[in-house]
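Me: I've got a model open and a few labels on it puzzle me. Can you take me through what stands behind them?

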Amino acid sequence: MSVGKIIVILGAPGSGKGTQAKRLQEKFSVPQISTGDILRAIAKEGFSLLAEQIRETQAAGKLVSDEILIQVVSERTQKEDCKKGFILDGYPRTLGQAQQLEGLALSQEREIKVVNVDILDSLLLKRLTGRRSCPSCGEIYNIYFKPPKSNNICDHCSEFLIHRSDDNLESINKRLQEYRKNTEPLIDYYKKHQCLSSIDGTQSPDEVFELLCQIFQ
Ligand code: AP5
Ligand code: MG
């Protein structure tokens, strides 16, 4: 991956953004910035109004406000480890966020490259309801497609796996609605800006990763 780029991974909830961003992070030694993970960490921090707001919004499957996201992403991308570029997983998700990212890219003199992970709705339910993740190392499992070696225990750090509070039917439906209304239009937006590639996310994680590596090599 050429140095200094901003890689954006677009895709519906459960399309595999996190799974692939972690692998890209390892291969190219640039950080994965998952806004969902950052917001979950803030929500866990305590009883501030902000934490409470984020907790409720995430659990309901709604989008957290652009103002909060813009601040979170600006702060995170100024850190030392972003000097060689970074991978955005779950950001931008609205037109406002996309425009803010352009300003950021301009001020940091970086090019934006977007990849859309295409997926069939019919595959999403098992991916999301079956997902389990490690609260310590962040490894993502799936009880149907990628079970841990020992039931509900992380293969790497022996922690109990967690089931996200928004991986239930009601929140998943809301997340999909938000995706269709606010985020899917960004596919056309980035097509017009000629910085979009699309890949087939219905294949196995290894096959999807191979496609991504071809794009970013
Ligand atoms: P976020 O955490 O980003 O959730 P999401 O977008 O709904 O996406 P997911 O993390 O659910 O899915 P993923 O695409 O990462 O899939 P994964 O790799 O885990 O955001 C959560 C919430 O935070 C939002 O709803 C909102 O409230 C807030 N938020 C975050 N960013 C925001 C923003 N920018 N603006 C406003 N609000 C924001 O894979 C899913 C499962 O499938 C796993 O079990 C995995 O093992 C399995 N899997 C992955 N790939 C494959 C494959 N190829 N084949 C089979 N199984 C697979
Ligand atoms: Mg994710």
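Me: Why does aspartate 167 count as buried or exposed, whichever it is?

Reply: Buried means under 20% relative accessible area, exposed means over 50%, and partly exposed is in between, with a 1.4 Å probe and protein chains only. Aspartate 167 comes out at 3% relative accessibility, so it counts as buried. One thing up front: this is a predicted model, so local features need pLDDT of at least 70 and side-chain atom pairs count only at pLDDT 80 or more, while totals for chains, interfaces and linings use all residues. Residues are numbered from 1 along each chain as its sequence is written, chains are lettered from A and ligands numbered from 1 in the order in which they are written, and side-chain values use heavy atoms, with hydrogens and water left out.

Me: What makes the pair aspartate 167 and arginine 131 a polar contact?

Reply: The term asks for a pair of N or O atoms within 3.5 Å; within protein, one must be able to donate a hydrogen and the other to accept it, and residues adjacent in sequence count only if both atoms are side-chain atoms. The two side chains make such a contact at 2.9 Å.

Me: Serine 165 sits in the loop between strand 6 and helix 7 (169-183). Why is serine 165 called buried or exposed?

Reply: Its relative accessibility is 53%, so serine 165 counts as exposed. Aspartate 167 lies in that loop between strand 6 and helix 7 too. Helices (H or I, at least four residues) and strands (E, at least two) are DSSP runs, numbered from the N terminus.

Me: How do you know which residues surround ligand 1?

Reply: A residue is near a molecule if one of its heavy atoms lies within 4 Å of it. By that test 34 residues surround ligand 1, and the closest are Thr19, Lys62, Arg93, Arg131 and Arg175. Sorted by class, there are twelve nonpolar, 13 polar and nine charged residues in the shell. Here Ala, Val, Leu, Ile, Met, Phe, Trp, Tyr, Cys and Pro count as nonpolar, Asp, Glu, Lys and Arg as charged, and the others, Gly among them, as polar. Helix 2 gives the most to this shell, with four residues.

Me: Which polar side-chain atoms come up against nitrogen atoms of ligand 1, and at what distance?

Reply: Glutamine 97 has one lying 3.0 Å from a nitrogen atom of the ligand, and arginine 127 has one at 3.3 Å from a nitrogen atom. An N or O atom in the side chain of glutamine 58 is 2.8 Å from an oxygen atom of ligand 1. The protein covers 96% of the 1,000 Å² of accessible area that ligand 1 has on its own (Shrake-Rupley method, 1.4 Å probe).

Me: What is odd about the bond that joins tyrosine 91 and proline 92?

Reply: It is a cis peptide bond, with omega about 0°. Most residues other than glycine have a negative phi, and most peptide bonds are trans. Proline 92 is in the loop between strand 3 (86-89) and helix 5 (95-107).

Me: And what makes glutamate 109 stand out in phi?

Reply: Glutamate 109 isn't a glycine, yet it has a positive phi of about 55°. It belongs to the loop between helix 5 and strand 4 (112-118). At 75% relative accessibility, glutamate 109 counts as exposed.

Me: Why is glutamine 194 called buried or exposed?

Reply: Its relative accessible area is 72%, so glutamine 194 is exposed. Glutamine 194 also has a positive phi of about 55° although it is not a glycine.
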